[in-house]
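Work through these exercises with the model open. Try each task before you read its solution.

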2 protein chains.
Amino acid sequence: MSSDPLVIFTPSGKRGHFPVGTPILTAARQLGVDLDSVCGGRGICSKCQITPSYGEFSKHGVTVAQDALSEWNSVEQRYQDKRGLIDGRRLGCQAAVQGDVVIDVPPESQVHRQVVRKAASSRNIVMDPATHLYFVEVQEPDMHEPTGDLERLERALQDQWGIEHITADLTVLTRLQPVLRKGQWQVTVALHKSHKDTCHKVVEIWPGLTEDRIYGLAIDLGSTTIAAHLCDLRNGEVKASSGVMNPQIRFGEDLMSRVSYAMMNPGGDKEMTTAVRTAINGLTEAISTEAGIRPFQILETVFVCNPVMHHLLLGIDPVELGQAPFALTTSESLAMNARDLDLNVMNENAQVYILPCIAGHVGADAAAVALAEEPGKSEDLVLVVDVGTNAEILLGNKERVLACSSPTGPAFEGAQISSGQRAAPGAIERIEIDPVTKEPRFRVIGSDTWSDEDGFEHVIATTGISGICGSGIIEAVAEMRMAGLLDPSGLIGSAEKTGTERCIPEGRTHAYVIHDARADGGPLISVTQGDIRAIQLAKSALYAGARLLMDEMNVETVDRVVLAGAFGAHISNKHAMVLGMIPDAPLDKVTSAGNAAGTGARIALCNVGSRREIETTVGEITKVETAIEPRFQEHFINASAIPHATDPFPELSKIVTLPDVNFNTGGGDTDGEGGGRRRRRRRG
Amino acid sequence: MSSDPLVIFTPSGKRGHFPVGTPILTAARQLGVDLDSVCGGRGICSKCQITPSYGEFSKHGVTVAQDALSEWNSVEQRYQDKRGLIDGRRLGCQAAVQGDVVIDVPPESQVHRQVVRKAASSRNIVMDPATHLYFVEVQEPDMHEPTGDLERLERALQDQWGIEHITADLTVLTRLQPVLRKGQWQVTVALHKSHKDTCHKVVEIWPGLTEDRIYGLAIDLGSTTIAAHLCDLRNGEVKASSGVMNPQIRFGEDLMSRVSYAMMNPGGDKEMTTAVRTAINGLTEAISTEAGIRPFQILETVFVCNPVMHHLLLGIDPVELGQAPFALTTSESLAMNARDLDLNVMNENAQVYILPCIAGHVGADAAAVALAEEPGKSEDLVLVVDVGTNAEILLGNKERVLACSSPTGPAFEGAQISSGQRAAPGAIERIEIDPVTKEPRFRVIGSDTWSDEDGFEHVIATTGISGICGSGIIEAVAEMRMAGLLDPSGLIGSAEKTGTERCIPEGRTHAYVIHDARADGGPLISVTQGDIRAIQLAKSALYAGARLLMDEMNVETVDRVVLAGAFGAHISNKHAMVLGMIPDAPLDKVTSAGNAAGTGARIALCNVGSRREIETTVGEITKVETAIEPRFQEHFINASAIPHATDPFPELSKIVTLPDVNFNTGGGDTDGEGGGRRRRRRRG
């Protein structure tokens, strides 16, 4: 039909006929091919590199002659001399169509390139951040056509990039005139386009074509830790990941104690707000140093956090979140300037996006998990559990998604455990107990050598054996149950009943000794009856939350389980199920998703469209409030037994047979699990 | 057609049939009748008062029975007891239709009431400010429907007022929860709706139905003075008007000297920005005290100012405005938070609107004059001159409007004049010189008694006679010309040539003595040759600017002249024309518009639609740059003569015959007007 040469782009497969002389960049734009350019085709940014292919392409039905593109030109030569160009590459804005040609767009020349995530289960991120760089040539002012510099910048963006409306606040306006003149009317601007706004906001401006890259922070603001990823907003690359303790811990270990602090101390909420903002500023400084960038290159920040952290970050008194009906000030996503939150280490015009909250107890962190794990797109019924001081639980499939949160407390993080400690070198993270000899063997963080293997002494020479971390305590309790040292109600047996001297008396209860270094002046590392009780409380809360959602969904089982959270990545699925933390499921259907909340934050940072997506999703999620639901109490009590007082665990039974022991001496023990047994009796 | 009762509203004449039992407020809303209500019909705000009329109305074709409305009810009785209700008035939300009825809406019950302006020539303002109060009942939070308080407030505004989208920034979010609870889920919110935005912004919130009124400031930020009107945003009433000196004067008397200060002193622009913002804060405090309101009741501020003041207010270095091509940073209107300008005396959420600038030399003040005087809606060709340190000049009619500014300098304000002073008690403001005796008589500010009348001594007993103000010097110069003491070139004659001893020598030139109190230790008040020269420079600039616009419009005369500016209100039209400040026109076609820039600011404050209007108008105005136009120089030189070297003044000639004198002695005088005479010779 057309006698114009045919241009075929790979990998997209897009094709079209273009007149001889059409630059490849122009052809790409007209076809909607994803070919990058910051300078808009002026041959100075080199972002539009392409690789022409020559020869016969039967697949495409074309033969590409050696002269299918215009000759290598002086602009390309200058770039080659100055920066170097990979063999075979051309600049798309310089190479012009002369005949039929096949053009490959390498990944680094694609704007919307995919960032491949390590966790195979999760989706990749398509790069499409809210903030982009644009190089423009602005018309000089003319007395006879008196428009402002901003209006001429706007017109340049419209003519050269098709961008319709821009706004600029005072921080940009005060710098606009000198920067335009320094750049001799050529400038690079960073434009932020919110998905809620029709305007592009000028957030930064550089004279000429900038060498600076721009970055964003994805921050998971947790009750205990603040974790951040620093991402290159061009390609999504994580340049550094870092974390700090949340300094609000000094006002209270868990959320409710912080809310209490705010209620009991006038101005206490302000103190906590200042503390967390200061910590974020420190983290911004540290992560920039680590990545070797300057903090003002950070132009965007996305926050995910639970509702109490959300309010304290914003400077809102969280008192209403501490009492029914747990009313949020606002549940919708928020966008603002970083400086409004006193985040003044990053660029003064950095833009903040905070994901929406699902409910008064189910925050933006749960929304982020939903964004990362997409239960609402799942064909099968998936349970997503994000374990932290507070657990966020999602259950759903394409039909419907439910969410709740459950106050697990800090036991899973090694707190409130007699030998507990944070995950650090020297902490026991893996334990096995021989069911016959009842002897333990273990590994400490930092080494793959087990304690009964050669060289273990060498391994622990520097760190020692200092305690048990969160994943270690879960394995210890589950192994004790499997080895018959612990009965279903959670009672540790005596030396007499278990046949091992490692079960030592402690008051009227018993403890199991894992490691005794007291003779060498070291610690006694044991699991006490109190530790078991703390773990039982935590796991019951987690299980009861999941079970409540299953009731609501009217199901008895789930198809698969995703353990999210830093913690989820380290625990053994089998042990978690022996403990009864999660509902019964085939072990190969239990996977770990790492820090899904952090990943959700990163997705929202790198892809602005995902913000609209999660806002819609959150509106569709059904929230279940655990705090007032009578069945939650019932589930909680039944879940106290290990693995459970009433629910069968058929999948677990296929791989593990739990000893049928009972260490109840008929009196004295008034631990929480009693209720479970009583209820079972009542039901029987 | 309908058997439902007929309801007729006056003064609008709107009518419709409504079922028995329909509240009058509901009927008014459905017909689009302008009937106010803050509480939305709950019988608590009393804004919807109406007056029913009874009897036969042949004009409307109805008879209104005594029982045409429902009976006076307990809500009305309660309001009557508590606050009192004017006889015959009812509450529109309580009184319901029972039969055909005629309802009068009194002016104070109309939302869009007109504010009658004093100056008959100018249009009235229809009240429709950007900020309105709304009373709402918000649904209480419910754990089973977990939405945020803000989202429920939004829903209440939507259900009860039809308002679609709201936003609230952190300053409101931090107060939202306690205020909602204090008001027991009834609150009054102030919503700001920009004409550029689709969202309503919550700027203030009160528990219950507030007793507070809300106010706005219209500020005319001039080089010399900052003038403000404090307006009630409900009815447009000006509660107080006040002004302060612009403290930037210490950095330079006129605009160019301030630009120079910024260029010569690093950080000088910042100093000037701080100075002006501090002054505005002080003025806000003072005007609030004067009006007896609290400054946080001020929710809006509109600024008009010239481009240099505009940039310095915004914190932008004005250096580019001091040199060709006089590029503005931005010419479009601006909207921002008052706190972004450090204006922190008024409400922390007060919204600022700054009118658009027309060009680098023609600012938002000229735009405000265009808004107030509407040359673009004039059938005849009108010249609007706003005289200040810088004069803004507009020329146009329905077809086309031109604008320019001209650097008149401060002579018209009494500065740079030997006996000049600001307009204050004791200053000479009116002068007459007897053409025969050459004796002057005068009046001082604060009295109507002339100096040759009985009781004058008594009048000046406290103030004395201290100098000549701007309008006084114009009259003095014009009277000197009419009395033959001054020749067309601007030379003062000697005693010998003029025949009066009041013409005294001063160096190689002469001065005319108006009042000599030296014998009593008082001042010698005279008009020197230097004063004449300063006035000539100022009036030439003004005339040349007007003439340049007339050239551009291709006309030789204008139909009418409007003198704007505080100054314009005080000068005598005849004297201004004798001086040749303005082009020749019939005297009854020269009117004064008072502070038109300030009025424009007040219009933009009280009517948000006028903001869009002036933005459009400014885009259509043709800007003429005087600084680079060769003809401006030519006009300037010709305009130096009094009244003019070349232009005929036929209308002036009809009422005044100017003596044909010439005091040029053939040497020594090298005043600027020489050029004009030379040119005249050349043309002749």
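**Exercise 1. Lay out the six-stranded open sheet of chain B and find what packs on it.**

Solution. Remember that this is a predicted model.
- Step 1: Put the strands of chain B in order. The order is 30-29-20-21-22-31, and the pairing is mixed.
- Step 2: Mark the edges. Strand 30 (590-594) and strand 31 (622-623) of chain B each pair on one side only.
- Step 3: Look for a packed helix. Helix 8 of chain B, residues 364-373, touches strands 20, 21, 22, 29 and 30 of chain B. Its direction makes about 40 degrees with that of strand 21 of chain B.
- Step 4: Check one pair inside the sheet. Strand 20 (residues 382-386) and strand 29 (residues 560-564) of chain B run parallel, joined by five bridges. Within strand 29 of chain B, B:Val561 is the bridge partner of B:Leu383.

**Exercise 2. Which strands of chain A pair with strand 1 of chain A, and in which sense?**

Solution.
- Step 1: Start with strand 2 of chain A, residues 15-17. Three bridges tie it to strand 1 of chain A (residues 6-10), and the two run antiparallel. A:Leu6 stands opposite A:His17.
- Step 2: Inspect the link. Strands 1 and 2 of chain A form a hairpin, with four residues between them. In the turn, A:Gly13 has a positive phi of about 80 degrees.
- Step 3: Turn to strand 7 of chain A, residues 101-104. Here the pairing with strand 1 of chain A is parallel, over four bridges. A:Ile8 stands opposite A:Val102.

**Exercise 3. Find the residues that touch the most other members of the largest nonpolar core.**

Solution.
- Step 1: Take the core as a whole. It holds 353 residues, and A:Val385 and B:Val385 touch the most other members.
- Step 2: Ask which element gives the largest share. Helix 12 of chain B (residues 529-553) does, with 14 residues.
- Step 3: List the contacts of A:Val385, leaving out residues up to four places away in sequence. They are A:Ala391, A:Ile393, A:Leu542, A:Ala546, A:Val561, A:Leu563, A:Ala564 and A:Ile582.
- Step 4: Set this against the general rule. In soluble globular proteins, nonpolar side chains tend to be buried together.

**Exercise 4. Map the domains of chain A and the UniProt feature on that chain.**

Solution.
- Step 1: Read off the assignment for chain A. It gives domain 1 (6-109), domain 2 (115-207), domain 3 (217-354) and domain 4 (411-533).
- Step 2: Take the spacing. The C-alpha centres of domains 1 and 4 of chain A lie 63 Å apart.
- Step 3: Add the record. An unreviewed UniProt entry places "domain: RACo-like middle region" at residues 215-373 of chain A.
- Step 4: Describe that span. Residues 215-373 of chain A are 33% helix and 25% strand, and their end C-alpha atoms lie 24 Å apart.

Definitions and conventions:
Residues are numbered from 1 along each chain as its sequence is written. Chains are lettered from A and ligands numbered from 1 in the order in which they are written. This is a predicted model: local features need pLDDT of at least 70, side-chain atom pairs count only at pLDDT 80 or more; totals for chains, interfaces and linings use all residues. Two strands pair if DSSP finds at least two bridges between them. Two residues are in contact if their C-beta atoms, placed from the backbone, lie within 7 Å. Axes are lines fitted to C-alpha atoms, for helices over the stretch in contact, and angles run from 0 to 180 degrees between N-to-C directions. Domain bounds come from an automatic or database domain assignment. A nonpolar core is a set of buried Ala, Val, Leu, Ile, Met, Phe, Trp, Tyr and Cys residues joined through C-beta atoms within 7 Å. A residue is buried if 20 or more other C-beta atoms lie within 10 Å of its own, exposed if 12 or fewer, and partly exposed in between; C-beta atoms are placed from the backbone. UniProt positions are given in the numbering used here, feature names are shortened, and annotations may be inferred rather than shown by experiment.
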